[in-house]
Amino acid sequence: MKILVCISHVPDTTSKINFTDGDTKFDTNGVQFVINPNDEFGLTRAMWFKEKQGASVTIVNVGGPETEPTLRKALAIGADEAIRINATPTDGFFVAKELAKVVSEGNYDLVIAGRESIDYNGGMVPGMLATFTDANFVNMCIGLEIEGTSATAIREIDGGKETISTNLPLVVGCQKGIVEEKDLRIPNMRGIMMARKKQLTVLEPSTSESHTKIASFEKPAAKGAVKLVDKDNLDELISLLHNEAKVI
Amino acid sequence: MSILIYTESEGGKLKKTAFELASYASAIATQQGSSVTAVAINANDAEELGNYGVHKVLTVSDDSLNNFSAKKYASIIQQTAEKESASLVIVGSGSNDKFLAPILSAKLNAALVPNVVELPESISPLKVKRTAFTNKAFAMTEVDTEKAIIALSKNSFGLKENSTAVTSESFSPSIPEDASSVTSTDKVSGKVAIADAEIVVSGGRGLKGPENWNLIENLAEVLGAATACSKPVSDMGWRPHSEHVGQTGKPVASNLYIAVGISGAIQHLAGVNSSKVKVVINNDADAPFFKAADYGIVGDAFEVVPKLTEKLKEFKANNA
């Protein structure tokens, strides 16, 4: 089984978000970048398929040279090789188009991507990629088993979960649950040393087409001060919620 | 310009978000002098959309659609959009919407703008505001394609009644094969889902252990609320992942979010930013959540929450 894991290079979850160039660009100053958490859950599941079922694992990213440390980290976790498409990702459509080319040329059986990246939260790349490559698709995947060419996936739905029976080729948009937080792996020294020697292929983009652009960013308006209510005066809280906030 | 909305139903009844989508689409249609068409699948009450400004409902009824299939549903919406020459399709932000929207976008060659929180700033070209960086920012997004899909964030627009003469038409699209099939569904009955909840009561490490969750559950029950938790609580296995709220968990966009014993890490706050009113109960007056909350009580959850639950019971009884 050939697995492709899509890796986004995103600001760490603790990052303060600021913008530059007249609020048109994300300010990367002082920001630490990591593997997108949803992708890391997927990568960890891919490692399981590699170790238990002999799968090969390639990782792919659409991004500039600055994303290579993130790819090296994914290689240190255990992926076999990496592909970087040398382009600034403009929108989800562009990324999905570029990935579709990699998937078609590499004949991957299973593509694992995070359900969304935590920077732009588009949540569209896995579904578009599946559609462009005519593969089956399961989104918000929280469990995945593969047996031959059959797959059983668990999907989170509003208020529960459902089990889906499907076939390869398959694209999943995954999230926490496909593996647990405790299953995540911290690269060890041997992994890091080996990752330096693993192949990282740089490809030039094949299209420049995108569907959307971001005209400007803004930050939420500053929040007013909290109204503190005394713990012995809970009637006041109820009254505020009922009469002022009108939420109960 | 013709606007199409996909209105989700469950058990034959439209979901509340369907009426929010109708309200939103109707506001755009009024500005543009155009009309709103809705497509509803296996819904028996689709005419009710007329109360929220929908002019025409296309109803699709087919037993093979009782289980959700993103591929089939996306194809049906695509066929409706083509039949109606819709240049703007509006969907919601539930888990099924998120499943089908990117497929629909690829099929229609229509830009998908997710997490939209306001009416468009302009229609041609379409410019609309969405959240980014998990609610830590907004991005004004400009669309370059002729057709577009807006995925509206839940609870960002609200319900606006607008009684309209509505016509209903049954529509029989061709339904494609789907190699994927749902083999079982596991839904907790009688519990409010976070995605559908008006009110969410959430607990953190301050509750000290899973055995104390009756505090959260009792408060939630009185309010008809969903229960949720912070990341450490789900990582420690006190509560299931499906309740984890935050940047790597679920976003919450409820009217009221009550956080009990949650300090308010930046990742958690990002996940609850879209909730309208936030109440925090914490014994540490320096907890960062107090800076993000509307109302706060500095106090011991074990003392405050049971009292609050009792008082709310009385309040509910008197205001029923």
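Q: What makes Arg84(A) and Val202(A) opposite numbers here?
A: In this predicted model, Arg84(A) stands opposite Val202(A), a residue of strand 13 of chain A. Strand 7 (residues 81-85) of chain A pairs with strand 13 of chain A in the parallel sense, over 4 bridges. Pairing takes at least two bridges, so 4 bridges qualify.

Q: Why is strand 13 of chain A called an edge strand?
A: Look at the whole sheet: 10 strands make an open sheet with mixed pairing, ordered 13(A)-7(A)-6(A)-1(A)-8(A)-12(A)-9(A)-10(A)-11(A)-12(B). Strand 13 (200-203) of chain A and strand 12 (181-187) of chain B each have a single partner strand, so one side of each has no neighbour in the sheet. As for twist, the average is 25° from one strand to the next.

Q: What lies across the strands of chain A, and at what angle to strand 8 of chain A?
A: That's helix 1 (residues 37-53) of chain A, which lies across strands 1, 6, 8, 9 and 12 of chain A. Helix 1 runs at about 150° to strand 8 (110-114) of chain A. Angles over 145 degrees count as roughly antiparallel, so about 150° falls in that class.

Q: How do you know that strand 14 of chain A and strand 9 of chain B pair?
A: Count the bridges: 6 join strand 14 (residues 212-218) of chain A to strand 9 (residues 137-143) of chain B, and the two run antiparallel. The cut-off is at least two, so they pair. One of the partnerships puts Lys213(A) with Glu142(B).

Q: How many residues of chain B are in contact with chain A, and what kinds are they?
A: 74 residues of chain B are in contact with 61 residues of chain A. Helix 3 (residues 95-108) of chain B gives the most to the chain B side, with 8 residues. That side divides into 35 nonpolar, 23 polar and 16 charged residues.

Q: Why is helix 4 of chain B described as roughly parallel or roughly antiparallel to helix 8 of chain B?
A: The axes of helix 4 (residues 214-223) and helix 8 (residues 301-318) of chain B come within 9 Å and cross at roughly 20°. Angles under 35 degrees count as roughly parallel, so these two helices are roughly parallel. Their crossing is left-handed.

Q: Which residues meet where helix 4 of chain B contacts helix 8 of chain B?
A: From helix 4, the list includes Leu215(B), Leu219(B) and Val222(B); from helix 8, it includes Val305(B), Leu308(B) and Leu312(B). The contact residues divide into 9 nonpolar, 2 polar and 2 charged.

Definitions and conventions
Residues numbered from 1 in each chain as written. Chains lettered and ligands numbered in written order. Predicted model: local features only at pLDDT ≥ 70, side-chain atom pairs only at ≥ 80, totals over all residues. Axes fitted to C-alpha atoms, helices over the stretch in contact; angles between N-to-C directions. Parallel < 35°, antiparallel > 145°, perpendicular 65-115°, else oblique. Left-handed = near helix turned anticlockwise from the far one by under 90°. Contact = placed C-beta atoms within 7 Å. Nonpolar A, V, L, I, M, F, W, Y, C, P; charged D, E, K, R; others polar.
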